[in-house]
Amino acid sequence: MQLNQLLVAVTLAIGITSGHGIGHDKPGKPTPEPTSLPEHDVPIDNNTVIDTHSHIIPDFLRQAMLDNGFTLSPDDSILSNGVYIPPWTLDGHLNAMNQYGINYSVVSISAPGLIFLDKKPREQLKLTRKLNDYMYSLTKQYPTRFGAFCFLPIPQVKASIEEAKYCLDKLGFEGVGLLTNYNELMVGDKLFEPIFEFLNKRNVPLYIHPASVVAECWEKTTHGYGPAMIDFPIQSTRTLIHLFASGMRSKFPDFNIIFSHGGGVLPFIADRVGNFLSTPQNGGYNSTEMFEQFRAYYYDLASAVSKPTMAAIKEFISTDRLLVGSDYPFTPGPAAAGFVRGAIANGKLTPEEQLGYKNGNALRILPGIKAKLLGRRLFRVD
Ligand SMILES: *[C@@H]1O[C@H](CO)[C@@H](O)[C@H](O)[C@H]1NC(C)=O
Ligand SMILES: *[C@@H]1O[C@H](CO)[C@@H](O)[C@H](O)[C@H]1NC(C)=O
Ligand SMILES: *[C@@H]1O[C@H](CO)[C@@H](O)[C@H](O)[C@H]1NC(C)=O
């Protein structure tokens with residue numbers, strides 16, 4: 001047997017023992033890459049699904065939450081000001097990806113981040129680094145399955161820029177992840193201008209995940225409804241509006257920004273917002289310019305694929321801006337699979353639009369993923 005035949009045979013054997021179509025990696029132990037059929041000759045094919053919205057919640061993050069006043073609910077979730085944060089394991093995450101056809105997932109840290117440590121800045125820095133190093137360990141162990149958005153120690157601005165440099169230059173992350181707001185502070189607040197300036201200068205993709213309303217008064221402002229249901233989408237929409245009205249985005253327009261859940265309620269109420277903001281009492285903004293700004297962002301469709309939602313999204317956002325978001329583990333695996341099928345069916349996406357949604361749009365704005373998926377070529381022996 002020649003060397004190249006031998007390697008193909010070895011690769012085949014590993015691929016077969018691992019079962020599922022994309023379930024090449026056995027969770028829990030390091031697996032050599034590549035582990036499947038001779039993918040070194042396969043380009044990124046039409047079945048490939050790239051998920052830009054999923055989360056990890058390692059045990060040490062859970063512990064930090066419990067140590068800082070969050071409570072454990074009977075279902076083993078952690079309850080944070082009305083938001084249930086489910087348990088998470090690496091095995092569960094990989095199994096869900098394998099079972100529901102997600103090839104590659106860019107992980108990030110969801111709300112509330114570590115804003116509950118804002119009075120303990122040193123502890124916040126330490127845990128921030130630990131979270132990023134942990135995400136790095138996943139991307140290293142499973143380079144063709146996981147990428148990551150860098151977590152920043154907000155509200156520490158200088159340290160945030162240092163952390164972003166560390167993630168981008170040393171850890172090879174796909175971009176940076178922020179929340180729509182940190183209690184009273186919107187992500188477009190003047191305080192964070194140096195971060196936007198940095199992202200703009202280096203053309204770093206930014207992922208903006210929704211967060212709760214102000215923690216201390218969530219019950220009053222939501223009338224007791226858990227903030228994840230209604231208020232998360234509203235916070236995404238408010239943030240889009242704030243980035244426009246504050247001038248932050250037009251000052252730093254050169255890097256891509258991803259919003260979650262189809263922009264929250266944006267496509268549905270954009271017209272109203274435009275009319276409102278164009279009145280003199282509300283700033284006299286130019287709504288045409290505002291809509292142009294909104295349409296230049298990217299949007300994942302986690303929990304935003306029903307027929308009415310897709311109709312509004314297709315009408316307001318062009319389909320070359322849409323990304324797959326699983327929102328695992330906040331959304332269980334089967335529902336996440338439904339987001340891929342649902343958007344395609346309910347949005348009546350053409351084959352080209354489907355391809356863009358499943359992988360093409362993500363590959364365009366997160367170019368590191370392509371290199372990593374094709375990194376299997378390293379094993380080519382001819
Ligand atoms: C992604 O997984 C599908 C099976 O669900 C497989 O057909 C495809 O080749 C995989 N893509 C890559 C780039 O490995
Ligand atoms: C709003 O902006 C658009 C695009 O820049 C421009 O064509 C239009 O004249 C502006 N409208 C007003 C009322 O200034
Ligand atoms: C992949 O999808 C594109 C767009 O629909 C299509 O042109 C191409 O033929 C497809 N490739 C395969 C191998 O099915």
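A nonpolar core is a set of buried Ala, Val, Leu, Ile, Met, Phe, Trp, Tyr and Cys residues joined through C-beta atoms within 7 Å. The legends below refer to a predicted model.

**Figure 1. The largest nonpolar core contains 89 residues.** Within this core, the members that touch the most others are C150, V176 and L301. Leaving out residues up to four places away in sequence, L301 touches G262, L322, V324, G325, F339 and A343. Nonpolar side chains tend to be buried together in soluble globular proteins. In the chain as a whole, 44% of the 382 residues are buried.

**Figure 2. Eight-stranded parallel sheet.** The chain has 15 helices and 13 strands. An open sheet of 8 strands is ordered β1-β5-β6-β7-β10-β11-β12-β13, and its pairing is parallel. The edge strands are β1 and β13 (322-323), each of which pairs on one side only. Strand β1 spans residues 50-55, and 6 of its 6 residues are buried. Between β1 and strand β5 (residues 104-108) there are 4 bridges in the parallel sense; S54 stands opposite V107 of β5. On to strand β6 (residues 146-151), β5 is joined by 3 bridges, again with the two strands running parallel. Here V106 has G147 of β6 as its bridge partner. Among contacts between residues at least 6 apart in sequence, 75% join residues at least 24 apart.

**Figure 3. Surroundings of S108 in strand β5.** S108 is buried because 28 other C-beta atoms lie within 10 Å, where 20 or more are required. Apart from its neighbours within four places in sequence, S108 is in contact with H55, A148, F149, G177, Y207 and H209. N132 is 24 residues from S108 along the chain, and the C-alpha atoms of the two are separated by 9.2 Å.

**Figure 4. D133 in helix α4 (residues 121-141).** D133 has 13 other C-beta atoms within 10 Å and is therefore partly exposed, a class that lies between 12 or fewer for exposed and 20 or more for buried. The C-alpha atoms of D133 and C150 are 9.7 Å apart, with their positions 17 residues apart along the chain. C150 is one of the core residues that touch the most other members.

**Figure 5. Three-stranded antiparallel sheet.** A second view shows an open sheet of 3 strands in the order β2-β3-β4, with antiparallel pairing. β2 (71-72) and β4 (83-85) are at the edges and have a single partner strand each, so one side of each has no neighbour in the sheet. Strand β3 (residues 78-80) is joined to β4 by 3 bridges, and the two run antiparallel. The bridge partner of I78 is I85 in β4. N81 lies in the loop between β3 and β4. Although N81 is not a glycine, its phi is positive, at about 45 degrees. N81 counts as buried because it has 21 C-beta neighbours inside 10 Å.

**Figure 6. Backbone at S303, in the loop between β12 (298-300) and α12 (307-316).** Most residues other than glycine have a negative phi, and most peptide bonds are trans. The phi of S303 is positive, near 55 degrees. S303 has 23 C-beta neighbours inside 10 Å and so counts as buried.

**Figure 7. Cis peptide bonds at P155 and P329.** The bond from I154 to P155 is cis, with omega near 15 degrees. P155 is placed in the loop between β6 and α5 (157-170). From Y328 to P329 the peptide bond is also cis, with omega near 0 degrees. P329 lies in the loop between β13 and α13 (333-346).

**Figure 8. Residues around ligand 3.** The shell is formed by N46, P351, E352 and L355. By class, it has 2 nonpolar, 1 polar and 1 charged residues.

**Figure 9. Segments with pLDDT below 50.** The average pLDDT of the chain is 89, and 87% of the residues score at least 70. Over residues 1-41 the pLDDT stays under 50, and the model has 54 contacts beyond four places in sequence for this segment. Residues 377-382 also have a pLDDT below 50, with 9 contacts in the model beyond near neighbours in sequence. Where pLDDT is low, the predicted coordinates should not be read in detail.

Methods
Residues numbered from 1 in each chain as written. Chains lettered and ligands numbered in written order. Predicted model: local features only at pLDDT ≥ 70, side-chain atom pairs only at ≥ 80, totals over all residues. Near = placed C-beta within 6 Å. Nonpolar A, V, L, I, M, F, W, Y, C, P; charged D, E, K, R; others polar. Pairing = 2+ DSSP bridges. Contact = placed C-beta atoms within 7 Å. pLDDT = per-residue confidence, 0-100.
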